[in-house]
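Let's take a friendly walk through this model together. Keep the viewer open and follow along as we go from charge pairs to helices.

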Amino acid sequence: MVLKCNLSGSRFSPLVVLELASDTKEEAIAWLLSRIRDKQQNGGAELLVEQLGPGAGAQEKENPNMFLVGATQQRLLSGAEEVGLFKEFNDGSMRGFTCANKHNFTDFKGDGDSFLSMAECQYIIKHELDTLRAKDETHVPGHTQAKLYPGKSIIRRLQSKGILVQIFPLHEQEELKRLSFSWYKKVKLSFQPLDNIRHYYGEGLALYFGFLEYFTFALVPMALIGVPYYVFDWEDYDKYVVFAVFNLVWCTVILELWKRCSASLAYQWGTLSRKKAFEEPRPGFHGVLGFNPVTGREEPLYPNAKRQLRIYLVSLPFVLLCLYLSLYVMMIYFQMEGWALSIHDEDPTFWTGILLFIPSIIYAVVIEIMNLIYRYAAEFLTEWENHRLESSYQNHLVLKVLVFNFFNCFASLFYIAFVMQDMVLLRQSLATLLITSQILNQFMEAFLPYWLQRRRNKKLIRKVQKRQTLGDKELPLAEQVRLEADMSTYLGTFDDYLELFLLFGYVSLFSCVYPLAAVLVVLNNITEVYSDAFKLCRVFKRPFSDPAANIGVWQLAFEAMSVIAVVTNCALIGMSPQVKAYFPESETQLILWTVAIEHGLLAFKFILTVVIPDVPKHIQIKLARLEFESLEALKKKVKT
């Protein structure tokens with residue numbers, strides 16, 4: 001079903017929804033709509049926009065200030081050139097789209113109606129709205145508190161002042177049904193439809209699901225080795241050395257090969273060589289009005305020294321305090337563990353055997369709760385630090401969250417392994433933490449949002465059915481828009497990558513003492529594919545496309561974890577009785593040999609990063625050829 005909307009006698013496909021606050025002044029609405037519709041040469045966005053009609057529940061309180069935004073095909077094509085969209089050229093290479101050369105692109109047929117995907121069209125409209133800039137207005141009409149600065153983004157200003165409630169892209173129901181069927185509705189052993197995911201949701205999400213799929217397949221060899229290792233050799237704890245050595249090689253190689261896989265996908269999707277757009281300040285950024293020497297515009301400025309003071313005098317001590325609290329909770333857990341063990345030793349029965357697992361389960365639940373509370377605190381602090389750019393905000397947030405989550409999830413395991421040196425307890429704790437966290441994550445990520453959304457959907461559908469006499473199950477446009485507006489907002493892949501990061505840690509750090517860890521993570525990842533796909537298609541609003549070329553800062557996070565894994569596994573090998581037998585008289589010599597091997601393996605990791613190129617050779621040649629042709633074309637242009 002392609003949604004259509006009447007606009008002054010003509011029809012256009014609504015792509016994006018703007019929802020303004022219900023108390024927005026009429027003059028502010030009229031001003032914003034005129035700026036959106038105005039010609040580009042006059043500083044407008046030159047888009048099509050119409051107010052959404054009343055829905056079936058109009059008798060109840062509904063926000064009337066909802067607007068549908070679309071564009072003509074020609075406007076979308078010119079927008080594709082503006083954002084630097086890469087498409088497949090006739091010679092098979094990926095090139096930046098230009099309207100002058102449009103007929104030389106592989107998929108351009110006729111007027112180019114099907115040349116751009118709906119996700120690309122929505123991304124273009126979002127870009128055009130974001131680059132809608134204030135001219136000589138001093139404030140939003142009717143809202144004197146919402147000051148405007150010449151050359152600054154109007155949409156971002158409206159968001160920061162609460163006038164613009166939300167902006168989101170619409171679902172295309174027929175295409176969504178086809179994607180759902182090929183993705184998660186049919187349980188089958190096959191690859192995910194990454195090209196279809198990219199076509200509908202954009203490159204950022206497609207790369208996440210590509211990484212999830214890659215990580216799952218990369219775990220299969222470890223899982224296959226782990227099962228017989230667990231079944232036949234487990235009673236002999238000394239035999240984890242071979243598995244630890246395999247861990248060392250595995251965690252290094254898979255990350256290097258992923259870079260190549262990621263580069264191939266990014267080139268195929270046209271984002272590898274795409275130039276990054278100039279970053280505008282975040283909507284929440286504030287400061288004293290000043291002059292930006294880069295853009296030449298007036299905008300709020302905030303001293304970097306003041307931001308650094310906030311980071312080092314407030315944020316850093318807060319993070320350290322949270323780490324101390326995490327350590328305190330861990331010591332309480334060990335006291336509970338000792339209490340359960342003493343009861344079991346006094347009277348070993350079936351129930352006291354069950355009691356041994358209770359402290360670990362409680363601790364795993366407490367860890368998840370602490371991670372959740374800390375996440376909100378980290379977001380508040382990072383917002384308070386007042387970062388100018390979204391990328392800077394994300395980097396600082398990721399760093400805070402990763403440090404705490406790593407310490408909170410793995411501190412007890414490090415303590416058991418290297419202070420208590422109790423491999424039996426390490427195995428039990430790792431298994432309990434891993435299984436409990438996976439169950440809690442599945443509940444929080446899939447079942448709870450689905451249940452809440454289903455309740456909201458039922459309420460709206462009942463209202464629609466009261467007004468509908470036809471038995472048609474397809475919702476009218478107004479109801480479909482309001483249904484989607486009421487859906488939860490997808491907050492990005494942050495939490496999904498964080499979960500994979502922690503699972504990677506459980507496998508790479510300590511799976512040599514619990515070989516079934518890889519099997520559990522494989523099973524978790526398979527269910528994760530289906531639950532994440534279900535959430536995106538049924539629970540959340542459609543997110544805007546993110547033209548990502550890689551997994552960003554998470555690549556660095558996974559590589560840091562793999563370095564820690566080398567140190568951890570070397571230490572575990574050095575502690576094993578098999579290795580200790582070679583150094584019966586000198587513990588110092590054993591430590592020196594362990595450190596030397598660990599340094600050698602880290603050097604090997606570094607050599608691998610140099611030897612294995614991040615971008616495959618055939619893609620490097622294509623990129624170099626494209627750059628050469630661009631330079632030649634520029635020379636000819638200069639000569640003429």
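Buried means under 20% relative accessible area, exposed means over 50%, and partly exposed covers what lies in between. Please keep in mind that this is a predicted model.

**Salt bridges**

With those classes in hand, start at Lys39: its relative accessible area is 43%, so Lys39 is partly exposed. Lys39 pairs with Glu46 in a salt bridge whose closest N and O atoms are 4.0 Å apart. Glu46 is partly exposed too, because its relative accessible area is 27%.

How many salt bridges does the structure hold? There are 17, and three of the pairs are worth setting side by side in a table.

| Pair | Closest N to O distance |
|---|---|
| Lys39 and Glu46 | 4.0 Å |
| Asp614 and Lys259 | 3.9 Å |
| Lys400 and Glu385 | 2.8 Å |

Asp614 and Lys259 form a salt bridge with their closest N and O atoms 3.9 Å apart. Asp614 sits in the loop between α19 (587-611) and α20 (617-639), while Lys259 belongs to helix α8 (residues 240-268), so this pair ties together parts that are 355 residues apart in sequence. What about the surroundings of the two partners? Asp614 has a relative accessible area of 35% and is partly exposed, whereas Lys259, at 16%, is buried.

The side chains of Lys400 and Glu385 also meet in a salt bridge, at 2.8 Å from N to O. Lys400 is part of helix α12 and Glu385 of the loop between α11 and α12, so the pair ties together parts that are 15 residues apart in sequence. Are Lys400 and Glu385 buried or exposed? Both are buried.

Elsewhere, Lys87, Glu120, Arg198 and Glu203 are joined into one network by salt bridges that share partners. One member of this network, Arg198, turns up again in helix α6 (residues 194-201), where Leu194, Ile197, Arg198, Tyr200 and Tyr201 are buried. After α6 comes Gly202, with a positive phi near 100 degrees.

**Backbone angles to check**

Most residues other than glycine have a negative phi. Two residues are worth a look with that in mind. Glu46, the partner of Lys39 in a salt bridge, is not a glycine, yet its phi is positive at about 55 degrees. You will find Glu46 in the loop between α1 (26-37) and β4 (48-51).

The other is Gln421, again a residue other than glycine, with a positive phi near 50 degrees. Gln421 is placed in the loop between α12 (390-420) and α13 (423-467). Its relative accessibility is 45%, so Gln421 counts as partly exposed.

**Helices α9 and α11, and a nonpolar patch**

Now turn to helix α9 (residues 304-346) and helix α11 (residues 358-384). Their axes come within 11 Å and cross at roughly 175 degrees. Angles over 145 degrees count as roughly antiparallel, which means that α9 is roughly antiparallel to α11. Which classes of residue make up the contact of α9 with α11? The contact has 19 nonpolar, three polar and two charged residues.

Helix α11 also takes part in a nonpolar surface patch. Phe350, Trp351, Ile354, Phe357, Ile358, Ile361, Ile362, Val365, Ile369 and Ile373 make up this patch of about 970 Å². Both α10 (350-355) and α11 supply at least two of the patch residues each, and the largest share, six residues, comes from α11. One of the patch residues to pick out is Ile369, which lies in helix α11. At a relative accessible area of 47%, Ile369 is partly exposed.

**Meetings across the sequence**

Two last pairs bring together residues from separate parts of the chain. Gln122 has its place in helix α3 (residues 118-130) and counts as buried, at 2% relative accessibility. Gln122 and Leu170 are 48 residues apart along the chain, with 8.5 Å between their C-alpha atoms.

Ser22, in contrast, counts as exposed, at 55% relative accessibility. Ser22 lies in the loop between β3 (16-20) and α1. From Ser22 to Glu62 there are 40 residues in sequence and 8.6 Å in space, C-alpha to C-alpha.

Methods
Residues numbered from 1 in each chain as written. Predicted model: local features only at pLDDT ≥ 70, side-chain atom pairs only at ≥ 80, totals over all residues. Heavy atoms only, no water. Axes fitted to C-alpha atoms, helices over the stretch in contact; angles between N-to-C directions. Helix = DSSP H or I, 4+ residues; strand = E, 2+ residues; numbered from the N terminus. Parallel < 35°, antiparallel > 145°, perpendicular 65-115°, else oblique. Nonpolar A, V, L, I, M, F, W, Y, C, P; charged D, E, K, R; others polar. Patch = residues over 30% accessible without salt bridge, like charges linked within 9 Å, V, L, I, M, F, W, Y side chains within 5 Å. Areas by Shrake-Rupley, 256 points an atom, 1.4 Å probe, with all protein chains shown as cover. Buried < 20%, exposed > 50% of the residue type's maximum accessible area, 1.4 Å probe, protein only.
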